[in-house]
Amino acid sequence: MVEAEPKFFMPDSVRSVSYDIAGQIKLIWEVVKTPLIVPLLNLGVYICLTMSLMLFIERLYMGVVIILVKLFWKKPEQRYRYEPIQDDVELGSSNFPVVLVQIPMFNEREVYKVSIGAACGLSWPSDRLVIQVLDDSTDPAIKQLVEQECLRWASKGINITYQIRENRTGYKAGALKEGLKRSYVKHCEYVAIFDADFRPEPEFLRRAIPFLDGNPDLALVQARWRFVNADECVLTRMQEMSLDYHFTVEQEVGSATHAFFGFNGTAGVWRIAAINEAGGWKDRTTVEDMDLAIRASLRGWKFLYLGDLQAKSELPSTLRAFRFQQHRWSCGPANLFRKMVMEIVRNKKVKFWKKVYVIYSFFFVRKIIAHMVTFFFYCVVLPLTILVPEVHVPIWGAVYIPSIITILNSVGTPRSIHLLFYWILFENVMSLHRTKATFIGLLEAGRANEWVVTAKLGDSVNNKNKADAAKNKTNVTKPIKKPRLKFAERFNLLELGFAAFLFLCGCYDFVHGKNNYFVYLFLQTITFSIVGFGYVGTIV
């Protein structure tokens with residue numbers, strides 16, 4: 001005899017309540033959707049399409065200009081007066097200008113030897129070179145190590161000084177400003193700035209200084225960054241792709257067309273007179289380098305970018321360090337735009353079209369629109385249109401324009417073109433933080449002036465140790481391991497929340513949609529989840 005299975009009954013009162021709640025929610029949605037949701041979402045689509053077109057035109061313009069520059073523009077040595085400074089037996093070193101090298105650092109245990117050693121190895125007469133190590137470290141042990149390294153080089157005849165402050169007021173800008181106050185700096189004409197992980201080639205100054213020496217209206221010579229740990233993991237490869245486009249296209253176009261671009265804060269040589277005329281270093285934002293560049297440009301000074309003058313550096317290889325860096329790089333420009341836009345408009349020393357370039361192209365499109373359209377369009381508006389089929393997104397705005405922009409962005413790093421699709425997904429995730437940081441900067445909210453030094457792991461040192469050890473057949477120094485985060489610290493709830501939202505939209509599109517957006521949405525969900533669980537820096 002078959003035993004009857006137990007049955008569970010839901011009381012009619014409970015069942016009717018649940019049906020009533022679901023019915024009420026559906027009724028409210030239908031009532032609100034047509035007069036409110038659809039118009040708002042349509043407005044969002046129109047705004048995002050407009051921003052996409054602005055970004056597309058900007059990228060297309062830069063793409064055309066960079067082709068013209070590569071094919072028809074004269075080389076910098078032909079556009080500017082350039083005469084290499086030669087060693088002269090009779091004159092000695094007197095024909096070389098006195099150059100100051102500043103190396104700001106903060107608790108840089110892993111990389112301090114890299115920058116100090118590279119600066120001391122620059123091919124320049126020792127009596128015409130002054131090196132400042134501006135150490136704001138708070139760890140006494142690290143301060144002692146840095147000071148000992150400076151004393152070691154000083155004992156070899158290098159003119160190097162170790163400089164500390166009582167506090168970190170102004171952060172990097174404050175340290176650089178304090179360094180220029182020293183009495184011996186009045187004898188220096190130029191200042192080269194290198195962050196603690198940068199390693200310029202010995203001929204760096206011999207390549208850069210002649211441009212400044214032969215062109216009195218030139219204030220800055222900026223070199224290109226190269227990365228010693230670009231192949232460490234997927235995270236560093238993604239960064240290399242973004243930064244290579246910045247240097248290969250954005251900096252080159254700005255230099256060729258308007259003799260203006262944003263100073264990158266390191267691997268550049270400034271005319272000290274231009275710094276002083278522009279008002280010196282200011283710490284009102286987290287992008288003191290860009291701030292100085294804008295102020296100097298408004299006073300008529302010109303800048304030169306040299307793509308073949310390069311300095312090696314290190315990319316952040318942990319997601320935590322990268323996020324802090326991107327917050328500073330996104331919040332700072334937006335905050336500076338808020339503070340300087342009217343000053344740029346009222347300026348009478350620069351031409352009208354240069355003002356348009358700085359306000360519209362340099363600031364508005366690249367520093368604000370680029371972040372917002374990526375996040376709002378592809379991570380918010382487009383998924384929401386799946387839930388509201390009455391709102392239509394044209395195929396040219398959803399597919400064609402983004403594809404062209406992506407192809408134009410890939411020209412900087414051809415070797416990574418196979419990672420292009422994942423780079424798109426990763427950039428969409430990071431646009432969440434960049435957009436948030438942009439709003440914080442524009443509104444000058446709580447974290448507008450937050451400065452967190454990018455953590456460095458010293459990969460350049462490790463690579464050098466490995467090479468030296470292989471050559472000398474000695475023991476290899478153990479590489480510095482990435483700091484391990486606790487399991488709970490790995491979770492990034494904002495990314496996980498958007499992963500859940502996109503997953504639900506993808507499921508709805510898979511069941512009810514007609515545009516097949518679910519393929520993109522599921523892939524974007526996976527990327528948000530990877531970042532949300534903090535594993536992007538571990539993927540090799």
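## Salt bridges in this model

A salt bridge here is a side-chain nitrogen of Lys or Arg within 4 Å of a carboxyl oxygen of Asp or Glu. Counted that way, this predicted model holds 22 salt bridges. The idea behind such pairs will be familiar from the bench: side chains of opposite charge can pair when their charged atoms come close. Let's look at a few of them, and then at two of the helices.

## Helix α6 and its charged partners

Start with R207 and E77, whose side chains form a salt bridge with an N to O distance of 3.7 Å. R207 belongs to helix α6 (residues 204-214) and E77 to helix α2 (residues 76-79), so this pair ties together parts that are 130 residues apart in sequence. R207 is partly exposed, at a relative accessible area of 21%, and E77 is partly exposed too, at 29%. The 21% of R207 can be set against the cut-off for buried, which is under 20%.

Next door in sequence, R206 has a partner of its own: its side chain meets that of D87 in a salt bridge, 3.4 Å from N to O. This pair also links distant parts of the chain, with R206 in helix α6 and D87 in the loop between α2 and β1 (99-105), 119 residues apart. D87 is exposed, with a relative accessible area of 57%, whereas R206 is among the buried residues of α6.

## How covered is α6?

Helix α6 is mostly covered, as eight of its eleven residues are buried. Besides R206, the buried set is made up of F204, L205, A208, I209, P210, F211 and L212.

## A shared network around R237

Further along the chain, R237 and D231 bring their side chains together in a salt bridge of 3.6 Å, N to O. The two ends of this pair sit in contrasting settings: R237 counts as buried at 14% relative accessibility, while D231 counts as exposed at 52%. This pair has company, for salt bridges with shared partners join D231, R237, E240 and R415 into one network.

## Helix α3, largely enclosed

Finally, have a look at helix α3, which spans residues 112-120. Seven of its nine residues are buried, so the helix is largely enclosed by the rest of the structure. If you would like to find them in the 3D view, the buried residues are Y112, V114, S115, I116, A118, A119 and C120.

How values were computed: Residues are numbered from 1 along each chain as its sequence is written. This is a predicted model: local features need pLDDT of at least 70, side-chain atom pairs count only at pLDDT 80 or more; totals for chains, interfaces and linings use all residues. Side-chain values use heavy atoms; hydrogens and water are left out. Buried means under 20% relative accessible area, exposed over 50%, partly exposed in between (1.4 Å probe, protein chains only). Helices (H or I, at least four residues) and strands (E, at least two) are DSSP runs, numbered from the N terminus.
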